[in-house]
Amino acid sequence: MDSLAVNGTGYADIADNGTGRAAVSVHGAVKHFHDVVALDGVSFELGRDELLALVGPSGCGKSTLLRAIAGLTALDTGTVELNGSLVDDGRHHVPPEHRRIGLVFQEHSLFPHLTVAQNVAFGIKGLGRSRLAARVAELLELVELDDYDDRYPHELSGGERQRVSLARALAPEPTLMLLDEPFASLDPNLRVQLRGEVVSALRATNTPAIFVTHDQTEAMAVGDRVAVMRSGRIEQLASPDEVFHRPNSRFVAAFMGEAAFLPVTVDGDRWSSRLGPVEHDGPVTDPVALVRPDDVVFEPLGDAEDGNGSADSTAGRAAGSGGSGVIVAAEFRGAQWHYKVRLADGPEVYAAGSHLTPYRVGQQGRVVMVDGHRLTAVADRP
Amino acid sequence: MIDRVRLGIGDRLSLIGWPVAAWLAALLVVAPVAFLATSLLDPNLEVWRQQWDTRLPGQLYETVVLLVGVSIGTLVMGCGLAWLTSAYRFPGSRTFGWMLIAPLAMPSYVLGFLTLSVFGYAGPVQSTWRSVLGENAWFPPVRSLTVAILVFSTVLFPYVYLLARAALRDQAGSSYEVARSLGAGPIEAARRVVIPLLRPAIAAGTAVVMMETLTDFATVQYFGVDTVSVGVFRIWRGTFDRDAASEFATLVLVFALLVIGLERVLRGRARYGQAAGEAAGISPRRLRGARAWAATAVCGSVVALAFAAPAVRLALWALEEAARSDRSLFSARYLEFLQNSLVLASVTAVVCVVTAWLVANARRFGSSSATGVAARLTAVGYAVPGPVVAIGVILAVVALDGALEAIGLGLPGALATGSFLALAYAYAVRLLAPGLNAVESGLDQVPVDMTSTARSLGRRPGAVAAHIHLPLARTSVVTALVLVAVDALKELPIVLLLRPFGFDTLSVWTYNLASESRFEQAALPALSIVAVALIPVTMLSRQISRREAAVTDQEWRPGHG
């Protein structure tokens, strides 16, 4: 494998090999564990200052992909390049200690016998004592834990621990950061706050990162792009907006958020569903129309007196004809009501509704498109 | 500042070094058994015919009866006591819960000679018996297979007891209660739910007991019992005929394989499923009145007979002997043998724990499953009876000797037949497994993510092992050292077979004195061994009582943070 020998002495040399190249590029990565296929031909590239969110159901291979990039798992076939240097070609694997990758896992991966400062300093090499101390202080400042250097991990809260983990991972100036469900064990409010801080720390240091999560909201909030994985493959890799609103399969649509699907009638270039026209770019095999809860609104039958007059002012004009139905379930979500509506001959869609005008289960009415919203055709691969 | 990194020699070594170390360890452990097994391929029919015509049929019979008898004895005692202390509360039941493992500290060769001294012809029991019932009154024979079975059962039942208790706590508890709530009576629930759930634990415990029985050839000789292990000892110490001894040792190996096979069959497809979290176990029922005191009496007499009384007897003899000899309590010979024991135990402990450390870390760093296989192979020594290990080591060392001589590096002296090196090697092979268990359980406390993080921060495996794994697994490493050292100090069969001329340990001295019926003199070394053996037993019983306290806490403090 002469392609590995980039510097004659060893088979890899991870350093800044010029600018403009991808921080990571993975090609045809395959990994089996006995007879289970964890990675089934994954290829993608990550830009030099990009944050990629990696989502997928559990067991889809997202952690394996992360471990392969980090050097903790060796690929069966395929290649991993970091900044243009080949680090894994299925035969030779550069060990993790030579990949200059920062890792942040769930809680509890801080070294419990070392103080916060010692944890952060663990990966820093070749600095004198005073410069080391200055560097550690600088990193702790970055994660807003200035006076924590003498504490031990068990004296910190979950959120503080994760910030120390981040500082520790950033300390050796990694060329890439990998975060494997870093906030999974934190409570929801802290989680939102912390991920904002993490993202700004990554941006501040210009560190590209791959962020594994099983939370779609988190993925879309964090990622410049979102990769949706399933059964060892990347189903779609695109901007959060595109992945959510123009998913390339029914699976991605359903995985990224609440979704209902309606049959599509194809008439030449004009595609439509019972709720209205359906957008599509190019051909779609077995198309179905994706309906998100915010795309539609429920209008009760007949009585305009029960208080929903103004709430509907934006609705109705884009409505098709076939939206009549009945509410079969209603769920209160604080800011909104969430209705499940069974349409005339069977299919069900979800519709968000104002908390000011709640409807009951059994309410007859019709579902109409919200002004400006369009239905999207997706391939009917479950 | 970004420093450029490249894979130099050191990096490459650190990549292949760990799996190589693990496989080297596995090879060293497997080599003796492999050498021995090869003699099966080319059997010397003359040896077998001669043995078959003389002792072999009797040895086979007595081995089988001894193994079966001890299994039944330990099963009855172990399971019965485990059930009694888990399912009922009676005066002292908590204390007995951990005290019942004390007999583990009593080597069978010590309890064996104490039994002889008390119940033997010249002992106090028979003397009294004769003075009451006349000079020719019948007394059951003490030097017999039956008494040997009783002695082994008394010493070895804690193995079954411990596993049965753990299974009762972790698995059977809720199942038993569910069965009861579904309308099964206590007996039916026990028969249909508890016993099937206990079966894997019972199978494992019994296998350990059989292995311990099979490895012995010293205690059985007190009782005139002739097993296949005794056969190996006789041939080797009688003739030093390497080929004949190794032929015969393969027979012991076959018995060991049978025991392992039996365990597999008994365990069936059942697995040790650790219940998620800390299971509550069977909620015990309070016994009252006579039944409560009967339960106390049963547990009390087991502890008394298996541990307390023997320990007191030894202590009194040791004091009497010291008073009689009118010298210091510790004679010069005692100190010499103690030193031998300590040196051997320390060397074994260090070798085993260093090897275990390498293997456990190799497993952590190695991405291939091959390292896992190596780790499992290094633990097989514990399932190989002492005589097999000893003879196998002789063969391995002879082969090594020959190989070294062939390349002009002859070692001085008789390396194989009685060198300290061969002895320590055999000890290490036999005792690597408990060391590895302890070290691995310590390393398991370090999350894999932590290892990964440390490596991604630019540290080589060696540095991660030194700076992260070692500080965090320190306690387990110390535990491993203690466990191996104590086992080495107690060990008798291997040292009897392999000791260099004039090299006596405390265990050998005890055995020799007891064989000559000099029980009083044997008391001090025996007591020393028991005292040392109490260290790991105390650690274990502390664990048990702490866990029980934790469970009790949960009972009255539900829903902790």
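Helices (H or I, at least four residues) and strands (E, at least two) are DSSP runs, numbered from the N terminus. The model here is predicted: local features need pLDDT of at least 70 and side-chain atom pairs count only at pLDDT 80 or more, while totals for chains, interfaces and linings use all residues. Residues are numbered from 1 along each chain as its sequence is written, and chains are lettered from A and ligands numbered from 1 in the order in which they are written.

Let's start in chain B with helix α5, residues 108–119. Its 12 residues reach 16 Å from first C-alpha to last, close to the 16 Å expected at 1.5 Å a residue (the expected span is 1.5 Å times one less than the number of residues). Most of α5(B) is covered, with 10 of its 12 residues buried, that is, with 20 or more other C-beta atoms within 10 Å of their own, the C-beta atoms being placed from the backbone. Among them are B:Tyr109, B:Phe113 and B:Leu116.

Now turn to chain A and its strands, which pair if DSSP finds at least two bridges between them. An open sheet of 6 strands follows the order β6-β7-β8-β3-β9-β10, with mixed pairing. At its edges lie β6 (101–104) and β10 (233–238), each pairing on one side only. Inside this order, β3 (residues 51–55) and β8 (residues 209–212) run parallel over 4 bridges, and A:Ala53 stands opposite A:Phe211 in β8(A).

Further along chain A, β12 (residues 265–267) and β13 (residues 270–273) pair in the antiparallel sense over 3 bridges. Between the strands of this hairpin are 2 residues, and A:Gly268 takes a positive phi near 65°. A:Ser272 of β13(A) is the bridge partner of A:Thr265, and A:Ser272 also stands opposite A:Pro277 in β14(A). β13(A) and β14(A) form a hairpin too, with 2 residues between them.
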